[in-house]
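User: Please take a close look at the pockets and cavities of this model, together with the helix that contributes to them. I would like the cut-offs stated as you go.

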Amino acid sequence: MKKVILASALLALTAMFPSCFKPSNPNQKRGSSGKTLELLVVADKNVYSGSVKDSILTILHQPQKGLNQVEQMFDVVNIPVSSLQNTDMFKAHRNLIIITIADSNRNKARMSHNHWAQPQILFEFQLSSRDSVAPFLRRYLPLIRDEVYKCEHARIFRAYKGVENHELMQKLRNNFSFEITVSNEYYICNMTSDFAWLRKQTNDFSIGVIIHTKPYKKTSDFDQAVILDQLDSTMKAIPGPVDGSYMGTDRRVDAETRRVEFNDRYCMETRGLWHVLGKKAFLSGPYVNYTILTPDGEDIIMLTGYVMAPGKNKRDYLMQAESICYTIRFTEKQSKK
């Protein structure tokens, strides 16, 4: 049912209506700005007030799934329409939702990419009444989430340009026939012919990416139960803080698995929690896994990003980890198989 709703939402957005906000010259697009998962909601007081404001915040502030503490899906900042029209700084924001209300409007939606800056996602809702705001926003929320995440992935990829760990990336290319982009803050903790563990370690947090490959055997390889069992098997190679302890999935909390768009490859995304198994080991945190079919259809690649940040918010750190997974590029040899 969710797939049908999302497809219907996307179809509705293809029926474009004239925008009141002219795009910039494509040859003069600036780099976008804004904090991670920050949404700029452009709406005047006749929209962004009272119960309608409360509904907007309730929808956009609902808890992000797959975290071991409550963190809202988006951070919301509101400005009036005139501020967007008259201030170039706001036009450079990465994620925008513009809501206007007029009796002559016919409840339409428009989505555009890189309108004033790059990467950028812009949603425009032209509605006839305040009563339409919450239903429209709720209807398009899955699409908004997916498109904002794409922008965040693109932004992090651009941020790594010029600071890549080329030596690490070359080792991955030689070992796996594909590459992912990481900054020079990451290093390889362990690597075998079908496994690699990459990590960025600071005094306050750790971000890791686990790579595992295996032959593709049957469609059930993409079932959640099979993915979780394989994750447990793979995570045993990640040691915990106490001798004999190791990482594993936390089955006490339900994981969420769904089909996602992943660089034109068949892929299942799984979000859940990991914890450390063993005596006196109490660490835990969120992970996101991408189980991907290779271009030749012969193998499965499992990319798992995880975060360890005791006492800290983890949403934005996890975004960094999953964005690294989205940088995967297959070598020419793999693509031609």
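Analyst: What follows covers one helix, then a pocket, then the cavities.

The model is predicted, with local features needing pLDDT of at least 70 and side-chain atom pairs counting only at pLDDT 80 or more, while totals for chains, interfaces and linings use all residues. Residues are numbered from 1 along each chain as its sequence is written, and side-chain values use heavy atoms, with hydrogens and water left out.

Helix H5 covers residues 133-160, 28 residues in total. Helices (H or I, at least four residues) and strands (E, at least two) are DSSP runs, numbered from the N terminus. From first to last C-alpha H5 reaches 37 Å, close to the expected 40 Å; the expected span is 1.5 Å times one less than the number of residues. At Leu141 the helix bends by about 55 degrees, with Pro142 following within four residues. That bend is the angle between axes fitted to the seven residues ending at a position and the seven starting there. After H5 comes Gly162, with a positive phi near 95 degrees.

H5 also gives the largest share of the lining of the second largest pocket, 5 residues. This pocket has a volume of about 380 Å³. Its lining has 16 residues, of which Lys150, His153, Phe262, Asn263 and Tyr326 lie nearest the centre. On a 1 Å grid over the protein atoms alone, a pocket is an open set of points with protein on both sides within 12 Å along at least five of seven lines, a cavity is a set where a 1.4 Å probe fits but cannot get out, and lining residues have an atom within 4 Å of a point. Grid points are joined across faces, edges and corners, and a volume is the space filled by probe spheres set on the points.

Across the whole structure, 2 cavities of 30 Å³ or more are found. The largest has a volume of about 50 Å³, and the residues lining it include Tyr149, Arg271 and Glu322. Helix H8 (residues 315-325) supplies the largest share of that lining, 4 residues.

The second largest cavity holds about 40 Å³ of space. Ile210, His212, Leu231, Thr234, Met235, Met302 and Thr304 line this second cavity. Strand E11 (206-215), helix H7 (224-235) and strand E16 (299-308) each give two or more residues to its lining, and H7 gives the largest share, 3 residues.
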